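Hi,

Here is the structure I promised to pass on. Have a look at it first, and then read on for what turned up.

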Amino acid sequence: MLNIKNLHVKLEDEDKQILKGVDLTVPAGEVHAIMGPNGSGKSTLSYVLSGRDGYEVTEGEASLYDHDLLDMEPEERAAAGLFLAFQYPVEIPGVGNLTFLRTAVNAQRKARGEEELSSGEFLKVVREKAKALQIDAEMLKRPVNVGFSGGEKKRNEILQMAMLEPKMCILDETDSGLDVDAMRLVAEGVNALRSPERSFLVITHYQRLLNHIKPDVVHIMSNGRIIKTGGPELALEVEKNGYGDLLAEVG
Ligand code: ADP
Ligand code: MG
Ligand code: MG
């Protein structure tokens with residue numbers, strides 16, 4: 001599914017190297033978590049994969065199936081099945097949530113050479129998925145994310161994810177984190193979307209999200225590299241002992 005080899009990334013406008021040789025493979029159907037101290041480059045990795053401006057790849061590769069991600073525009077990456085959620089839930093005043101979702105879904109269908117959904121077809125699908133996520137009709141009509149609580153924003157992003165049916169979902173938890181109820185909702189949404197054809201990369205500062213989304217593999221990132229990879233027990237070890245021992249191990 002996702003294949004990253006020796007990825008080196010620097011800031012475009014500054015001589016600052018952020019990723020210093022990231023290697024990561026996420027097979028189809030698996031959930032991988034990336035943990036690591038603040039400033040280690042976790043968010044940068046997700047931004048570079050989604051094609052955000054401001055970063056320059058100086059070495060290495062990143063592919064989704066047989067697509068060379070680094071060669072594609074952000075919209076092409078999304079059409080190929082990549083979805084980035086969370087760190088900046090965007091507010092879009094004046095644009096109703098339904099309109100936004102329909103535009104996003106149809107843009108993606110168009111890029112894939114599929115027919116657009118009619119208004120009736122779209123409404124049927126969105127109502128079904130919203131109901132499953134406990135999102136009420138009123139929230140669907142409001143402007144995107146404007147005045148939404150933290151939990152509502154998260155639920156809304158899960159709805160976007162459910163509507164776009166991505167192959168590779170990258171979730172980057174905000175530093176501020178979520179309250180326990182919002183976290184449970186997000187986790188339930190993610191767990192409901194798990195399938196043999198879909199993979200997740202869950203980026204988190206804290207172990208607690210991983211109590212609800214059980215990862216197959218946990219990676220620890222520090223100073224622009226993956227320094228350790230293990231099973232779910234690695235996350236528990238970090239929760240118990242912090243990053244100190246792991247960082248000391250690699251020197
Ligand atoms: P994490 O998500 O692990 O906390 P980030 O990817 O946000 O780490 O940041 C990694 C490092 O790169 C930090 O030192 C951060 O200050 C720096 N950095 C990332 N993006 C920028 C930017 N646009 N401008 C300046 N510094 C940046
Ligand atoms: Mg950070
Ligand atoms: Mg971050």
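In which sense do strand 6 and strand 9 pair, and over how many bridges? They run parallel, and 4 bridges link strand 6 to strand 9, which covers residues 168-172. One of the residue pairs there is Phe83 with Cys169 of strand 9 as its bridge partner. Before going further, please keep in mind that this is a predicted model.

Now the overall picture. The chain has 9 helices and 12 strands. Its radius of gyration is 18 Å, close to the 18 Å that the globule rule gives for 251 residues, so the chain is as compact as a globular protein of that length. Along the principal axes, the C-alpha atoms take up a box of roughly 60 × 40 × 35 Å. Of the 251 residues, 35% are buried. If you take the contacts with a separation of 6 or more, 71% of them are between residues 24 or more positions apart.

Back to the sheet. Strands 6 and 9 belong to an open sheet of 6 strands, ordered 6-9-10-3-11-12, with mixed pairing. Strand 6 (82-85) and strand 12 (225-230) are at the edges with a single partner strand each, so each has one side without a neighbour in the sheet. From one strand to the next, the twist averages 20°.

It's worth following the order towards strand 12. Strand 3 and strand 11 run parallel and are joined by 4 bridges. In that pairing, Ala33 has Val218 of strand 11 as its bridge partner. Strand 11 then pairs with strand 12 in the antiparallel sense, over 5 bridges. Val218 turns up again here, with Gly230 as its bridge partner in strand 12. So where does the mix come from? As a reminder, strands of a sheet pair through backbone hydrogen bonds, either parallel or antiparallel.

Strands 11 and 12 form a hairpin with 2 residues between the strands, and Asn223 in that hairpin takes a positive phi near 50°. Helix 8 (residues 232-241) lies across strand 3 (31-35), strand 11 (217-222) and strand 12, at about 45° to strand 11.

One residue of strand 11 that you may want to click on is Ser222. Is Ser222 buried or partly exposed? It has 19 C-beta neighbours inside 10 Å, and 20 would be needed for buried, so Ser222 counts as partly exposed. Beyond its neighbours within four places in sequence, Ser222 is in contact with Gly36, Pro37, Ser40, Ile227, Tyr243 and Leu247. Ala80, by contrast, is 142 residues from Ser222 along the chain, and their C-alpha atoms are separated by 29 Å.

Last, a pair of helices. The axes of helix 6 (residues 150-164) and helix 7 (residues 180-193) come within 9 Å and cross at roughly 5°. An angle under 35 degrees counts as roughly parallel, and helix 6 and helix 7 are therefore roughly parallel to each other. On the helix 6 side, the contact is made by Gly150, Gly151, Lys154, Arg155, Ile158, Met161 and Ala162. Helix 7 brings in Asp181, Ala182, Leu185, Val186, Gly189 and Leu193. Sorted by kind, the residues of this contact come to 7 nonpolar, 3 polar and 3 charged.

That's the tour. Enjoy looking around!

Best wishes

How values were computed. Residues numbered from 1 in each chain as written. Chains lettered and ligands numbered in written order. Predicted model: local features only at pLDDT ≥ 70, side-chain atom pairs only at ≥ 80, totals over all residues. Rg over C-alpha atoms; globule rule 2.2 N^0.38 Å. Buried ≥ 20, exposed ≤ 12 C-beta atoms within 10 Å, placed from the backbone. Contact = placed C-beta atoms within 7 Å. Axes fitted to C-alpha atoms, helices over the stretch in contact; angles between N-to-C directions. Parallel < 35°, antiparallel > 145°, perpendicular 65-115°, else oblique. Nonpolar A, V, L, I, M, F, W, Y, C, P; charged D, E, K, R; others polar. Pairing = 2+ DSSP bridges.
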